[in-house]
Amino acid sequence: MASPNDRPNFSIDNGTVKKTIGLLGKQQNLPPSPAPSTPSSGRKYALATELVYTESTDQYNASSTPIYQTATFKQGSGSGGGEYDYTRSGNPTRSHLERHLAKIMSANRTLAVSSGMGALDVITRLLKPGDEVITGDDLYGGTNRLLKYLSTNSGIIVHHVDTTLVESVLPVLNEKTAMVLLETPTNPLIKIVDIKGIAKAVHEVNPKAIVAVDNTMLSPWLQNPLDLEADIVYESGTKYLSGHHDLMAGVIAVNDVALGEKLFFTINASGCGLSPFDSWLLLRGVKTLGVRMEKQQANAQAIAEFLEEQGFKVRYPGLKSHPQYDLHWSMARGAGAVLSFETGDVLVSERIVESTRIWAISVSFGCVNSLISMPCKMSHASIDKKTRAERQMPEDIIRLCVGIEDVDDLIDDLRTALVTAGAVKVGVDGLEAGAPEEIITQLNLNA
Ligand SMILES: Cc1ncc(COP(=O)(O)O)c(C=O)c1O
Ligand SMILES: N[C@@H](CCSC[C@H](N)C(=O)O)C(=O)O
């Protein structure tokens, strides 16, 4: 009979990982997995280098990590014990991705799951009936929907407060607070939340409460909430981390080993670990995160300035006019590439969105190509109209998710759309925001 002592043995021989399988007694020149990502020298490189640099024990020294497209793994003995047994529990391609992301997200452990919402689902399974959650009043629609589900069906009490003010969190903070869920910048109102200020206040009142931060809008290239005293960071890997809108993924990052184990338990138990192929795609995409992000936010800055010059109310933390400009830059290394602006009229906004050519009308962000959308009708439509009004979400708000195209082309396309939609008056000095009365009347007649 095989015993647990027959687990495979790994040793390094002349630079090659040798695997001795107990019962079979065969010595193979096979690596345990292409797993390591951290440089064996232990050296920490700059983030731009870490994004592309990986070390692996792949037997053929493949430059690109192989896709282990398998559901199950043969075992060396009847008592199992191999490093991998079943892809829901673990897969070498996913392990490699998770180790790579841990370096990049400044985390002890990361876990890759099937979507950003899947990541939040795993995190919120740490909660039990009677627990209280404090969160923002400007949240991504899907996050709001999941929290509403939990408060309606699972006995979780959810407090939505203005998280841009640490003082708004304090009155609802108590020993039942199990989780504080933050987004910054918020989607789509681009409000900034003081991660460190809130984390300190929360941990002081209840050291067991978990501060979880959705870092999707900035990515680890621009912000590391774990360094700002957050306990959990999660991101939709569908966005900047992958960058090409060719996969859905979610990533969770933690420093606490026990917390990482609890989250892994849920992922294995519920079966939402990222598939081998999507792990490979994400691994490929993340290598260009730095260059994509730098180009995208340079374009976003120019576009935000262009719109502000025309007189529109623009929300973007790269603009000095942003009311929380200093707070944002005290936490982040850049302003990101999502901005929003208002026109004063829903129909005018719709006309702008429908008049662009390069800007695709689409939900999501973080992709190399530019997108335009009306959050109240698209990404945030799952928040009902009354709640949107209570949370002061302007129905006419347009969200721009800026890509890597030529910035002059992007501005030209937007300028043409603004003129076509009648959102600007064309004067001798150029364009001026504000649809003429007759255009608004006409649009309302046609509506
Ligand atoms: C800020 C934010 N967090 C989380 C999510 C969820 O990510 P996913 O679509 O990958 O489930 C999204 C968008 O969907 C988002 O915009
Ligand atoms: N129909 C989807 C909408 C997804 S929105 C995607 C993204 N987070 C964004 O902000 O654009 C849904 O109901 O979730």
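The exercises below, each with a worked solution, concern a predicted model of one chain.

**Exercise 1. Overall make-up**

Determine how many helices and strands the chain has, and what share of the residues is buried.

Solution. Start with the elements: there are 15 helices and 17 strands in the chain. Next take burial: of the 447 residues, 46% are buried. Then turn to the contacts between residues at least 6 apart in sequence: 69% of them join residues at least 24 apart.

**Exercise 2. The seven-stranded sheet**

Work out the strand order of the open sheet formed by seven strands, and find which strands lie at its edges.

Solution. First, the order is S4-S10-S9-S8-S7-S5-S6, with mixed pairing. Second, S4 (109-113) and S6 (157-161) each pair on one side only, and these are the edge strands. Third, the average turn between neighbouring strands is 20°, direction ignored. Fourth, look at one pair: S5 (residues 132-136) and S6 run parallel and are joined by five bridges. Within this part of the sheet, valine 133 has valine 158 of S6 opposite it.

**Exercise 3. Helices on the sheet**

Identify the strands that helix H3 lies across and those that helix H6 touches, with the angles.

Solution. Take H3 (residues 116-124) first: this helix lies across S4, S8 (210-214), S9 (232-236) and S10 (250-254), and runs at about 40° to S10. Then take H6 (residues 195-205): this helix packs on the sheet and touches S7 (177-183) and S8. The direction of H6 makes about 175° with that of S7.

**Exercise 4. Lysine 239**

Locate lysine 239, decide whether it is buried or exposed, and list its contacts beyond four places in sequence.

Solution. Step one is the position: lysine 239 sits in the loop between S9 and S10. Step two is the neighbour count: lysine 239 has 20 C-beta neighbours inside 10 Å, and the cut-off for a buried residue is 20 or more, so lysine 239 counts as buried. Step three is the contact list: with neighbours within four places in sequence left aside, lysine 239 is in contact with Thr216, Ser364, Phe365 and Gly366. Step four is the record: an unreviewed UniProt entry places the feature "modified residue: N6-(pyridoxal phosphate)lysine" at Lys239.

**Exercise 5. The shell around ligand 1**

Describe the residues that surround ligand 1, by number, by element and by class.

Solution. Count first: 15 residues surround ligand 1, and the closest are Ser115, Gly116, Met117, Ser236 and Thr238. The elements giving two or more residues to this shell are H3 and H4 (141-153). By class, the shell divides into nine polar, four nonpolar and two charged residues.

**Exercise 6. Backbone exceptions**

Find the cis peptide bonds in the loop between S7 and H6, and describe the setting of glutamate 229 and glutamine 392, which have a positive phi.

Solution. Begin with the general expectation: most peptide bonds are trans, and most residues other than glycine have a negative phi. The bond from threonine 184 to proline 185 is cis, with omega near -10°. The bond from asparagine 187 to proline 188 is cis as well, with omega near 15°. Proline 185 lies in the loop between S7 and H6, and proline 188 is found there too.

Now the phi angles. Glutamate 229 has a phi of about 75° and lies in the loop between H7 (219-222) and S9. It counts as partly exposed because it has 16 C-beta neighbours inside 10 Å. Glutamine 392 has a phi of about 55° and is found in the loop between H13 (385-390) and S15 (398-401). With 10 other C-beta atoms within 10 Å, glutamine 392 is exposed.

How values were computed:
Residues are numbered from 1 along each chain as its sequence is written. Chains are lettered from A and ligands numbered from 1 in the order in which they are written. This is a predicted model: local features need pLDDT of at least 70, side-chain atom pairs count only at pLDDT 80 or more; totals for chains, interfaces and linings use all residues. A residue is buried if 20 or more other C-beta atoms lie within 10 Å of its own, exposed if 12 or fewer, and partly exposed in between; C-beta atoms are placed from the backbone. Two residues are in contact if their C-beta atoms, placed from the backbone, lie within 7 Å. Two strands pair if DSSP finds at least two bridges between them. Axes are lines fitted to C-alpha atoms, for helices over the stretch in contact, and angles run from 0 to 180 degrees between N-to-C directions. UniProt positions are given in the numbering used here, feature names are shortened, and annotations may be inferred rather than shown by experiment. A residue is near a molecule or strand if its C-beta atom, placed from the backbone, lies within 6 Å of it. Ala, Val, Leu, Ile, Met, Phe, Trp, Tyr, Cys and Pro count as nonpolar, Asp, Glu, Lys and Arg as charged, and the others, Gly among them, as polar.
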